[in-house]
Amino acid sequence: MDDVGMGIGGGAGVALEGVHASVAALHALEKEDSFLASGAHVGAGVDVGAGIDVLQRRYGIRLEKLELMARLEAKLAAVKARDVAEAVEFQQAMTPPDASVQDRTYAGMSVVEEIAGVLTISSAAAGALVEQSRRICSLPPVMDALAAGVLSWQHARIIADETEGLTSEGAASLVAHFFDPDAPHPARGAAPGELVPSRFRAKVRSWRERHHPESIEKRHVKGVADRRMEYTPDKDGMAWVSLCLPGDTACAIWNRTTAIARGLQGPDEQRTLTQLRPDIAASLLLGAGHTTQTGKPTEIGKVPAPRADVLVTVPVFSLLGLTDEAAILDGFGPIPTSMARNLVADGADSFYRVLVDPRNGAALEIGRTRYRLTETIKRWIRMRDAKCTFPGCTNRTPDNDTDHLKAWEHGGTTNVSNLAQLCPKHHRLKHHSQWTPHPATENNPPGWTSPTGRHYNAEQQDAEPTPWPPGTWPQWPQWAVPRECRCLDAHLEDLPQWEPDDARYVDLDDLPADDPLWAEFLATSFALFPDVIGARP
């Protein structure tokens, strides 16, 4: 009987040892703080360190204690998860082997109710805790990270939620991507525990969408069938109205209300952007003259709404119709390829497609036909950063500024390595505090250093090689890329080389640099030809 539960991860034992160490460290910091607070170091002539500001040190102690307590909470969560999972195992071991299905069901219900009673939580909450704990304990890298205090319980729960419904192999691959640096194409940038939970969930869900055994096209068809509208009364005479819609439709609604809200803002408009959005949505549904609780009608028809540009990142092969790999909608996440093709090819001129290199998932170019280079750079920064780059901020790109990391007046240049997305709040904070951004790169946003010297790694997007279409590389371009097809700004020297064996095609290596075809080639936007794609073998 004592051996029951030994298979549930030994990480909790390490966590218990870590708990004792964390408590001892907290005691030491508390003792130091009490000593500084008493002023005894002054009367006793004790040197607390040359140039040490006592208030600054006590402030630093508070931050160190908070950091220790966060790690302590994670370690205790690991111990708790282990105990919950083992309680279920012990109950199962005590159930007679010849027990009926009904008896086993009631035994399982009983242990859930016992846990609910001990923790003073509902039966539903206890059931969820049991499922999450068992799943986390079955994934050793996650349990070990939780036990080491480098991953919070919220982060661990995200893994439990997002691995639900996956096969054991699929769950292991997901966990390896985020927790094993030796895995193929491991996660880049900040570690899981360094991301706020909402951003970590977004990264995990994006990876899950790309690697789900069932294509996103098929799952999207099922999701569309479940679209709905929900109404939920709330306190203080308020209520929620929620819509579950296809991602592109929901994104368009959000962008339009945001654009109209910005158009309404001015010296005589007291409402914030957050307040204007629901007022505008209500006016659009109930009539342009609908009066809000402020007593002020929202006249939408007269508002010159700014344009809401949205980037759609599409693998080259998906745009050509050769594979069904998911695209990425700016501000939303993975979407079906068919939806992406419709957005960039069927007249949705506020959507701009971003082609990615099939070898490594890196961006090749951003579609443009009439915009200045500065605006192209801004879109590149939006694509690279996806949100405000300040640690923990989740503000998406439509509300953000493109800021120089090193100020222009201090020698900063206007290029992608010295530019980053910042929301208005953190833009102001950067210029009025000692929060300092690190240099960025062409494909990676900047990290940050806090006024107390703490370093925060950048959140980086997980670019991966795109799945190649059936057949070999030298074969498919002969029919997939007709003579009339043009690409804009693609880095030709980086693309795989192939030798055309048809007189209709031109070998780029044989084309002189001064040939007028180059100017025409680089000045023409990418175009799709459905008749050619539909005729592929």
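In this predicted model, strand S11, which spans residues 448-449, pairs with S12 in the antiparallel sense, and two bridges hold the pairing. One contact point in this pairing can be named directly, since Thr449 has His455 of S12 as its bridge partner. The two strands belong to an open sheet of three strands, whose order is S10-S11-S12 and whose pairing is antiparallel. Strand S10 (436-437) and strand S12 (455-456) stand at the edges of this sheet with a single partner strand each, and therefore one side of each is left without a neighbour in the sheet.

Earlier along the chain, strand S8 (residues 401-404) and S9 run antiparallel and are joined by four bridges, with Thr402 finding its bridge partner in Gln421 of S9. The surroundings of strand S9, residues 419-422, can be read from its two faces, both of which are covered: Leu419 and Gln421 are buried on one side, and Ala420 and Leu422 are buried on the other. Gln421 thus appears both as the bridge partner of Thr402 and as one of the buried residues of S9.

The last stop is a helical one, at Arg219, which lies in helix H10 (residues 216-225). With a relative accessible area of 18%, Arg219 counts as buried, because the cut-off for that class is under 20%. Leaving aside residues up to four places away in sequence, Arg219 touches Glu209, His212 and Glu214. With Glu209 there is also a polar contact, made between the side chain of Arg219 and the side chain of Glu209 at 2.4 Å.

Notes: Residues numbered from 1 in each chain as written. Predicted model: local features only at pLDDT ≥ 70, side-chain atom pairs only at ≥ 80, totals over all residues. Heavy atoms only, no water. Pairing = 2+ DSSP bridges. Buried < 20%, exposed > 50% of the residue type's maximum accessible area, 1.4 Å probe, protein only. Polar contact = N/O pair within 3.5 Å; in protein donor to acceptor, adjacent residues only side chain to side chain. Contact = heavy atoms within 4.5 Å.
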